[in-house]
Amino acid sequence: MGSLTVVGTGIQLGAQLTPEARVAITEADEVLYVVTDALVALWMERLNPRARSLQDLYAEGVSRRRTYDAMADEIMAAVRRGRDVCAAFYGHPGVFVDPSHVAIRRARAEGYPARMLPAVSAEDCLFADLGVNPGAAGCQSYEATDFLVRRRAVDPSAALVLWQVGIVGRLDLAPEGDRSRLPVLVEYLLEFYPPEHEALLYEAAPYPACDPVIEDVRLADVASAPVGRLATMYVPPSERRRPDAAMLARLGIPETHLR
Ligand SMILES: C[S@@+](CC[C@H](N)C(=O)[O-])C[C@H]1O[C@@H](n2cnc3c(N)ncnc32)[C@H](O)[C@@H]1O
């Protein structure tokens, strides 16, 4: 009758694919995928010869929102043809990915079984490679353009992760990245942090034998730093928030019991 399983491939080629995602890919009637490079595409088509890329739906000058709608349309067209469809996205399929969620909602609304399997996202790799525990001080995670246009509030006592800094200010395809609006991002961040505060520009290794790329720079220098197309920015907390004495008392927690 048609069904949809949405999976993620992880960030590192082959090594981060979960066993359940592998089964979903190999057993699907049709696999529609979005990945970051040609080697990963080749690997997908080896896993399932009925796999085809949705990458061609991206085009320079076309808003990514329109591209994402077109991807969800393609996925749903295959489901409606009665196929057991696997839609595969790099990283985690539900993290900073729209068409996966749209397709699942549409499939369910039309009565098709649809599910999403969890996977390893770039942020998971970042926590591991940079030694960050998001539970230690809390963690804010924003898409860089959304962060600017909505003037998102920042709590400098918590960690900050900014996605898509390599294309900040662009809503269409920028295959080589676009760093031209980084000064705007820096200017906004300096409303919350001192200029000498640390920023880490992070790119997880795409292949098992490679190391991640980590640029450790002053926040004020981010605009002139080598920000890769797939970089994610990590800003550690710049201050420590004192616990609220009244709240501690209400909860019956002695301050000495806190980390
Ligand atoms: C459209 S989102 C896709 C995220 C993906 N679904 C995930 O779970 O990681 C693209 C953004 O993910 C982050 N990203 C993707 N690959 C990365 C990598 N190798 N290293 C660091 N960040 C990466 C970057 O912030 C990039 O701009």
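**Note on the two domains and the ligand site**

1. The centres of domain 1 and domain 2, taken over C-alpha atoms, are separated by 26 Å. To the contact between them, domain 1 contributes 18 residues and domain 2 contributes 20 residues. The model under review is a predicted one, and the separation given here is computed from it.

2. The domain assignment of the chain places domain 1 at 3-116 and domain 2 at 122-235. Both domains give residues to the shell around the ligand, so the ligand lies between them.

3. The shell itself consists of 17 residues that surround the ligand. The closest of these are His-92, Val-95, Ala-122, Ala-204 and Thr-232. Sorted by class, the shell holds eleven nonpolar residues, five polar residues and one charged residue.

4. Several backbone atoms deserve attention at this site. For His-92, a backbone N or O atom lies 2.7 Å from an oxygen atom of the ligand. For Leu-230, a backbone N or O atom is placed 2.9 Å from a nitrogen atom of the ligand. For Ala-231, the partner is an oxygen atom of the ligand, at 3.3 Å from a backbone N or O atom of the residue. The ligand taken alone exposes 570 Å², and the protein buries 94% of that area.

5. Which pocket does the ligand take? The space taken by the ligand is the largest pocket. In summary, this ligand lies between domain 1 and domain 2, since both give residues to its shell, and 94% of the area that the ligand exposes when taken alone is buried by the protein.

Notes
Residues are numbered from 1 along each chain as its sequence is written. This is a predicted model: local features need pLDDT of at least 70, side-chain atom pairs count only at pLDDT 80 or more; totals for chains, interfaces and linings use all residues. Side-chain values use heavy atoms; hydrogens and water are left out. A residue is near a molecule or strand if one of its heavy atoms lies within 4 Å of it. A polar contact is a pair of N or O atoms within 3.5 Å; within protein, one must be able to donate a hydrogen and the other to accept it, and residues adjacent in sequence count only if both atoms are side-chain atoms. Accessible areas come from the Shrake-Rupley method with a 1.4 Å probe; for residues, only the protein chains shown count as cover. On a 1 Å grid over the protein atoms alone, a cavity is a set of points where a 1.4 Å probe fits but cannot get out, and a pocket is an open set with protein on both sides within 12 Å along at least five of seven lines; lining residues have an atom within 4 Å of a point. A molecule sits in a cavity or pocket if more than half of its atoms lie within 2 Å of its grid points. Ala, Val, Leu, Ile, Met, Phe, Trp, Tyr, Cys and Pro count as nonpolar, Asp, Glu, Lys and Arg as charged, and the others, Gly among them, as polar. Domain bounds come from an automatic or database domain assignment. Contact means heavy atoms within 4.5 Å.
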